[in-house]
Amino acid sequence: MLDEIIHKGNWILEGAHYKWGQESFRKADLIFILQPNRYIRNLRVIQRFIKTRMGIEQCNYKQSVKNLYQMLFVYNRGYDQEGMHQILELTKEYEDKRIITRNKQEIWEHIEEYLLADSRMQRHHITQHSR
């Protein structure tokens, strides 16, 4: 499915696909690596835990205190200590289009910059050909 998606004109992938999504890195115009503050990630994990336990949100796995502990102290810490280093290593050859960001506002700013630059490039290309 990934191969089908990345051969289309426009696409966005999200998630922790860094271990098996290398082809998408090659085809992508921009690669955003999210690195929100660990405390914000912990707060979000706790909020998601509470909401799913109360039935406010759906979850595709059984929420338990053990699972909460793993999310907070294994996965979140592991992301900072090992995961981020792995992601940076796997995307090293794409540094020119790799952007590390802390929040969605920064993502939107980079997308706007990219679209503006692309628009300028296209106008320049059209101007060059019309001479």
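Let's start with Ile-50, which sits in helix 3, the stretch covering residues 38-53. Keep in mind as we go that this is a predicted model.

**On the surface**

How exposed is Ile-50? Its relative accessible area is 42%, so Ile-50 counts as partly exposed. Together with Ile-46, Met-54 and Ile-56, Ile-50 forms a nonpolar surface patch of about 400 Å².

**A buried arginine**

Now turn to Arg-98, which belongs to strand 2, residues 98-101. Is Arg-98 buried or exposed? Arg-98 is buried, because its relative accessible area is 17% and the cut-off for buried is under 20%.

Here are the two residues side by side:

| Residue | Element | Relative accessible area |
|---|---|---|
| Ile-50 | helix 3 (residues 38-53) | 42%, partly exposed |
| Arg-98 | strand 2 (residues 98-101) | 17%, buried |

What surrounds Arg-98? Leaving aside neighbours within four places in sequence, Arg-98 is in contact with Ile-31, Ile-33, Leu-88, Thr-91 and Lys-92. With one of these, Thr-91, the side chain of Arg-98 makes a polar contact of 3.0 Å.

**The nonpolar cores**

Two of the names you just met, Ile-31 and Ile-33, come back here: they are part of the largest nonpolar core. This core has seven residues in all, and the others are Phe-25, Ala-28, Met-84, Ile-87 and Tyr-94. Which elements give two or more residues to this core? They are strand 1 (31-34) and helix 4 (65-90).

Another core, of five residues, lies apart from that one. Among its members are Val-45, Phe-49, Met-71 and Leu-72.

Technical notes: Residues are numbered from 1 along each chain as its sequence is written. This is a predicted model: local features need pLDDT of at least 70, side-chain atom pairs count only at pLDDT 80 or more; totals for chains, interfaces and linings use all residues. Side-chain values use heavy atoms; hydrogens and water are left out. Patches are made of residues with over 30% relative accessible area and no salt bridge: like charges are joined within 9 Å, nonpolar side chains (Val, Leu, Ile, Met, Phe, Trp, Tyr) within 5 Å. Accessible areas come from the Shrake-Rupley method with a 1.4 Å probe; for residues, only the protein chains shown count as cover. A salt bridge is a side-chain nitrogen of Lys or Arg within 4 Å of a carboxyl oxygen of Asp or Glu. Helices (H or I, at least four residues) and strands (E, at least two) are DSSP runs, numbered from the N terminus. Buried means under 20% relative accessible area, exposed over 50%, partly exposed in between (1.4 Å probe, protein chains only). A polar contact is a pair of N or O atoms within 3.5 Å; within protein, one must be able to donate a hydrogen and the other to accept it, and residues adjacent in sequence count only if both atoms are side-chain atoms. Contact means heavy atoms within 4.5 Å. A nonpolar core is a set of buried Ala, Val, Leu, Ile, Met, Phe, Trp, Tyr and Cys residues joined through side-chain atoms within 4.5 Å.
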